[in-house]
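Visitor: I would like a close look at a single part of this structure, taken slowly and in one connected account. Could you begin once the structure is in view?

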Amino acid sequence: MPDYISALDLFTIGIGPSSSHTVGPMRAALLFAQAVRAEGHLGATHTVTVTLFGSLGATGPGHGTTNAIVAGLSGDSPELCNPEQVLAAWDTAILNNSWKVLDKEIAFNESNFSFQPLIRLEKHSNAMKFRALDVDGNVLLEQVYYSVGGGFVEADHQLARTARPAAPHSFINAEHLLGMCDESGLTIAELAYQNEVSLHGEELLNQSLSAIWLAMENCIEQGLKSKGVLPGYLQVTRRAADMAERLAKFDQNEVSNEWLQAYAIAVNEQNASGMRVVTAPTNGAAGIIPAVGYYAMKFKGVSREVVQRDYLLVAAAVGSLYKRNASISGAEAGCQGEVGSACSMAAAGLAAVLGGTSQQIENAAEIAMEHNLGLTCDPVGGFVQMPCIERNAIAAGTAVSAVRLAMLGDGSHKISLDTVIETMRQTGIDMSSKYKETSLGGLAVNVVEC
Ligand code: SF4
């Protein structure tokens, strides 16, 4: 794994409801379709079969995995797809008895998909096997992909993401990062900016950060206007729009915390509806970083330019530590890996844009994760709704509280960010698989479904 993971990889514009179960599978299906064509099998392909293992087999349909794979196979990508069309992809394939590999129409039957929740492939629990078959049932091409969290995809035959040259300030942990800041005199935001410019060039970087923040803002604003019921049989009523209407009647400075929560809920309701959302660093936890950044703009006087650059870059620098040294995948580490990581990233970003020192930023990130340790993943019915939506609102508040605590100190503290990241990793390993995106434990089995 490269020492520096780019903000443009951690924050990707995609669709809901899940980075590992929707965004990753769509990317995998698209990669497979491109491989079928590249290896000259497209003409002979009569149909495609897909096997979903482990967590994808357990909660895939509730997370939009089947829609995402049908859409990805036809050539859609998370960044450019039409979310409304993706939502209809599976039903359309059933209705027409056909689906597409890129432009080629092929036969479809529900039995083309096999769900194997009890089989966990060695490399990762979110595994997918694709097979292209000719008219006689002979296998033309078979590939296995893994959706490893945050929309990242890896494959048995190759790493799906090509390796990049090393960034000038690559770091392996928070201690290393702080040491580099001390030695160079750079802030974490400046150091991250130099890294990103070296990887992408200044123009592309600035355009991309602006597009990411705009998508986050749009998601909040759209979510604050959207009413109705979320998809799925749970019939969960959207509430961000009602919250916004009520909050508008108060003295605005007295309800900043409530707005913070409404922002997070707005994003996660958009996510649960399968709409355009930024993976940050996952979809289930997608509300926290936008909510805290928007709160900084609305209530702390931080400019949009600073939020879209420094806030996002510092949050991503901390997120890269979680991805590198622990996990941002609910299937690997439970919800501490998703919501806990996002909470810690948001705290770091907020501390940075409020003028915190590197030590205070590290302290804020550490506090935010410390109190998410052990958090399990137990989405009711396999939908990224309960407890996910409210959990983002609470975690956004935790991030702001962590920053307040850290900014009242001088940055010195006993438990380091590296220690809580390692603790999160170990806790994830110890956690029963019931609590890792399988919906086989916790609230998922104790809430009566009606
Ligand atoms: S409980 Fe947490 S990790 Fe699980 S789906 Fe919801 S947000 Fe993601």
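Visitor: What distance separates the centres of domain 1 and domain 2, taken over C-alpha atoms, and which parts of domain 1 touch domain 2?

Guide: This is a predicted model, in which the protein chain is divided into domain 1, spanning 17–155, and domain 2, spanning 174–446. Taken over C-alpha atoms, the centres of domain 1 and domain 2 are separated by 29 Å, and the contact draws on 22 residues from domain 1 and 27 residues from domain 2. On the side of domain 1 that touches domain 2, at least two residues each come from α2 (19–38), α3 (54–59), α5 (83–87) and β7 (139–149), with α2 giving the most, namely 4 residues. The residues of that side of domain 1 comprise 8 nonpolar and 14 polar ones, with no charged residue among them.

The loop that precedes α2 also deserves attention, since Pro17 lies in the loop between β1 (12–15) and α2, and the peptide bond joining Gly16 and Pro17 is cis, with omega at about 5 degrees. A cis bond is also found from Ala280 to Pro281, where omega is near -10 degrees, and Pro281 lies in the loop between β9 (276–279) and α12.

From that loop one can go on to helix α12 (residues 288–299), whose axis comes within 8 Å of that of α15 and crosses it at roughly 20 degrees, an angle under 35 degrees, which means that α12 is roughly parallel to α15. The crossing of α12 and α15 is right-handed, and the contact is made by Ile288, Ile289, Val292, Gly293 and Ala296 of α12, together with residues of α15 that include Val339, Ala342, Met345 and Leu350. The residues of the contact of α12 with α15 divide into 11 nonpolar and 2 polar, with no charged residue.

Helix α15 leads in turn to the ligand, for α15 (335–353) and α17 (388–408) each supply at least two residues of the shell around the ligand, and the largest share of that shell, 3 residues, comes from α15. The ligand is surrounded by 14 residues, of which the closest are Gly284, Gly330, Cys335, Cys377 and Cys388. By character, the residues of the shell around the ligand divide into 8 nonpolar, 2 polar and 4 charged.

Note on methods:
Residues numbered from 1 in each chain as written. Predicted model: local features only at pLDDT ≥ 70, side-chain atom pairs only at ≥ 80, totals over all residues. Near = placed C-beta within 6 Å. Nonpolar A, V, L, I, M, F, W, Y, C, P; charged D, E, K, R; others polar. Domains from an automatic or database assignment. Contact = placed C-beta atoms within 7 Å. Axes fitted to C-alpha atoms, helices over the stretch in contact; angles between N-to-C directions. Parallel < 35°, antiparallel > 145°, perpendicular 65-115°, else oblique. Left-handed = near helix turned anticlockwise from the far one by under 90°.
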